[in-house]
Amino acid sequence: MSIDLSQFFEVFYEESFEGLDIMEAELLDLQPGNFDNETINTIFRAAHSIKGGSGTFGFTSVADFTHVLETLLDQIRDGRRALTQIHIDLLLQSVDCLRDMLTALQSGEEPETQQADELKSQFNQILSESSDAEFQGNEAADSPDSESAGETETYWKISFIPGRDILKTGNEPLFLIQELAELGVLTQVLDVSTVPDLTNIEAEDCYFKWQFELQANCAQAQIEEIFEWIEDECEIHIEQAAQTNTSEDLVAQAEGTSQVKQADVDAERTSQIEETKPENIPPENKAKAASSGNKPKQTKTTESGSIRVGIEKVDSLINMVGELVITQAMLTQLSDGDFDPAKLTSLKEGIAQLAHNTRDLQESVMRIRMLPIGSVFSRFPRLVRDTSKKLNKKIELKLLGEQTELDKTLMEKISDPLVHLVRNAMDHGLETPDERLQAGKSETGSITLNAYHQGGNIVIEIIDDGRGLNTEKIKAKAIANGLMSEADGLTDDQINLLIFEPGFSTADQVSDLSGRGVGMDVVRRNIQALNGSVELESNKGEGSVVTIRLPLTLAILDGQLIQVGQHVYIIPLVNIIESLQINSAQLSNLGGELEVLRLREEYIPIIRLYDVFNHQPKTNQLSEGLLVVVESDNEKVGIFVDELLSQQQVVIKSLEANYFKVDGISGATILGDGTVSLILDVAGIVRLAGLTGKQQAMIANQMNEIEQLEA
Amino acid sequence: MNIESLNAQLAENQDLIQDTSIKQYLTFLMAGEEYGIDILTVQEIRGWEQTTAIPNAPGYVKGVMNLRGTVVPVIDLREKFALEAVEYSAVTVVIVLKIEQAGMDKIIGIVVDAVSDVYGIEASQFKTSPSLEQNQNSQFITGLAQVENKTLILLNLDQVL
């Protein structure tokens, strides 16, 4: 029986994805001719550990591919090859390719190797060109470097089977491996097939076999020297495999499939490398970069099941628990023996302390789930880089507030809507450089992502300095789609909001990027599903701002308890603008169906909660109850209830887990007295009451007319 | 029989189930009939307590209750079976069941008049019920069984929600 390696897979995937993120970020920082060796080293290290890990776990397709990548990086690192834009593009594509392969592996599928093979042959192309292009050029002048480069780097295949007793004789294979690694780049595959069942294991015996691949400028003697001491106690085979051979084989294979294309690329490549001008990327290559950057990611979302937590967060948690234990001991002591009224004061103190401890503990536990939003933002530099190339626009991306912390679950769910909004801003918000110059703006457009905390919410803003929304176009489209009619007389802001309506798009031509409005309803729906809201502000010619507001966490919310008849419900505090007593003088009734309240120059439609939920209220007289003014989708509505009770934090429980989704209810919670109370979904209630955004706009419009008549 | 002893007996019986040819059924009373449900689906038995109503839910859904931190819907089986509704009394009990619906385990409570007994029923005692195509409750009835001169109506409540 062998060790079950699959238990380590998750860790490997996690580390690999982290490694890929690092590679991507560093690659984006790279500029040909001007880079820090440390940056290359970082990329190299990340690639190397992915290669090592995948080798160990037997994911040979990944290991083989990373190996080629690593060879190129190694040459760049050693100064044997000048870094060009082509290299950077190719490396970035490889990162995407690796990510796809790993995602496939993670979901238990065989990764597609077609893309990898293509990239691999491109790498090999570059690697085999080196001898022509480089040696004639700069390298010849630089004598010490060229000498080391001139030595053929050889590939050693070493199989190492130590004897059972190797550990008992005081030899440590680890040291040997470390020595080997010092010679060059070492890949190792550990064979654990000879490890016996746990019951039969002799703890002091060594059951492992190793396969090494060493890529180094060294003689066989150097390798043999390392194993000299244990020669008699192990089986060792050292074999030389020239690396150039293998790469040529691979190239030959690839050429067999796409000979013509390959030849074209070759020709362009060679000229590129000689010129090493980053701007002149051959068109074919550019298209490739764009298409791979834009390739739809795996739809299967594999939400990772673990998080990395800073040790200080865990320490603070342990401290809290310590205090909780002390408080508990104190309370236990108080409850010992007969209760003496004299103890009442200290009991109250103890309970206050317990409440304090619980709150602290709750905050600490929540903080564990909080991660800086920077990890979502970090994907945007790449997105902007690829998209700006494709659109021929100059775009500068500014990231602000990357340290703002957000619940992990929210983070995973917010990233897709964010990508959508940023793409929209780039594609439709920002103008081309020419248009910008004509409009008297700088050539480079800017997109800012800003995140900050406000109250119990996190606010994310996507700001562009482009042309703003084309209200006329939206209006025309909305009328054509039957979302509004000319007679509605909507304000510009109200018209702009129509882009969030389902099925709305102003895209004239089908673009694979975005049409401002395509899928905006999905964006809004996704954000609302997280108890958040989206706002839009646009100034013609100056740009637009999309503001997303989200609760910090999904697990707990601040709620206002309200009562209707016998029933107690909770309205999330974030939705509530104000609560008031209704002054019947300010009431109007539209068409005998809909009541509105005039509140400071605004008309608020009233929803009677008992009507919507079919409950028996204490009162149906508006003046005897209270109106809770809430906001949903930027529209205010008043919810008529009998009474307001207390405000408290509630832990959200799922109602769907054992029942169904209920319209107008977003979840349930358990109150202090042990009873269940349901949490209202304000947007759902507005829908239940039959009030859509459009109808609300019509109400406002009608009221304006009434006003004008009065005046 | 009080609820504590019922729950104790329930746990005991669930532990004893070894022989696969005998299936244990928990029986309860409703409108003079005795119904049986597979004891392995029964989680516990509780006394009736006030539930929180779910807005716009069908009449037989009495609301949700708090089962040690889990929100559990409660169904009045009399109303679901279109029997005459009765006032809840001191012996009214809620049987907490684990049902499987669309591949998901759900926990629900059913309100019945009273819990009766636990019987081991052999396959030979088991009779399929006469055709009940016209009866809307037939989808819940898996068969009939004869025990101690009584007829038990055996139920499968997976689709009761």
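This tour moves through a predicted model, beginning with chain A and ending at the place where chain B touches chain A.

**Chain A as a whole**

Select chain A and show it as a cartoon, in which you can look for 24 helices and 22 strands. Of the 711 residues in this chain, 32% are buried. If you consider the contacts in chain A between residues at least 6 apart in sequence, 69% of them join residues at least 24 apart.

**Two packed helices**

Two packed helices are described by the angle between their axes and the distance between the axes. Now select residues 37-56 of chain A, which form helix H2, together with residues 60-77, which form helix H3; their axes lie 9 Å apart and meet at an angle of about 160 degrees. Because of that angle, H2(A) is roughly antiparallel to H3(A), and the crossing of the two helices is left-handed. To see where they meet, display the side chains of the contact, which include Ile40(A), Phe44(A) and Ala47(A) from H2(A), and Val62(A), Leu69(A) and Leu73(A) from H3(A). Sorted by class, the residues of this contact are 10 nonpolar, seven polar and four charged.

**A proline in a loop**

Next, select Pro111(A), which you will find in the loop between helix H4 (85-106) and helix H5 (114-136) of chain A. Is Pro111(A) buried or exposed? Pro111(A) counts as buried because it has 20 C-beta neighbours inside 10 Å. Setting aside its neighbours within four places in sequence, you can highlight the residues in contact with Pro111(A), namely Ser61(A), Asp100(A), Met101(A), Ala104(A) and Leu105(A). A distance drawn from the C-alpha of Pro111(A) to the C-alpha of Leu98(A) spans 9.4 Å, while the two residues are 13 apart in sequence.

**A sheet in chain B**

Move to chain B, where six strands form an open sheet of mixed pairing, in the order E8-E1-E2-E11-E10-E9. At its edges are strand E8 (114-122) and strand E9 (126-127) of chain B, each of which pairs on one side only. Within the sheet, select strand E10 (residues 141-147) and strand E11 (residues 150-155) of chain B, which pair in the antiparallel sense over six bridges. One pair to pick out is Ala145(B) with its bridge partner in E11(B), Leu152(B).

**Where the chains touch**

Finally, show both chains together and look at their contact, to which chain B gives 15 residues and chain A gives 18 residues. On the side of chain B, the elements that supply two or more residues are strand E4 (61-67), strand E5 (70-76) and strand E7 (104-112). Colouring this side of chain B by class should show 10 nonpolar residues, four polar and one charged.

Technical notes: Residues are numbered from 1 along each chain as its sequence is written. Chains are lettered from A and ligands numbered from 1 in the order in which they are written. This is a predicted model: local features need pLDDT of at least 70, side-chain atom pairs count only at pLDDT 80 or more; totals for chains, interfaces and linings use all residues. Two residues are in contact if their C-beta atoms, placed from the backbone, lie within 7 Å. Helices (H or I, at least four residues) and strands (E, at least two) are DSSP runs, numbered from the N terminus. Ala, Val, Leu, Ile, Met, Phe, Trp, Tyr, Cys and Pro count as nonpolar, Asp, Glu, Lys and Arg as charged, and the others, Gly among them, as polar. A residue is buried if 20 or more other C-beta atoms lie within 10 Å of its own, exposed if 12 or fewer, and partly exposed in between; C-beta atoms are placed from the backbone. Axes are lines fitted to C-alpha atoms, for helices over the stretch in contact, and angles run from 0 to 180 degrees between N-to-C directions. Angles under 35 degrees count as roughly parallel, over 145 as roughly antiparallel, 65 to 115 as roughly perpendicular and the rest as oblique. A crossing is left-handed if the near helix is turned anticlockwise from the far one by less than a right angle, and right-handed if clockwise. Two strands pair if DSSP finds at least two bridges between them.
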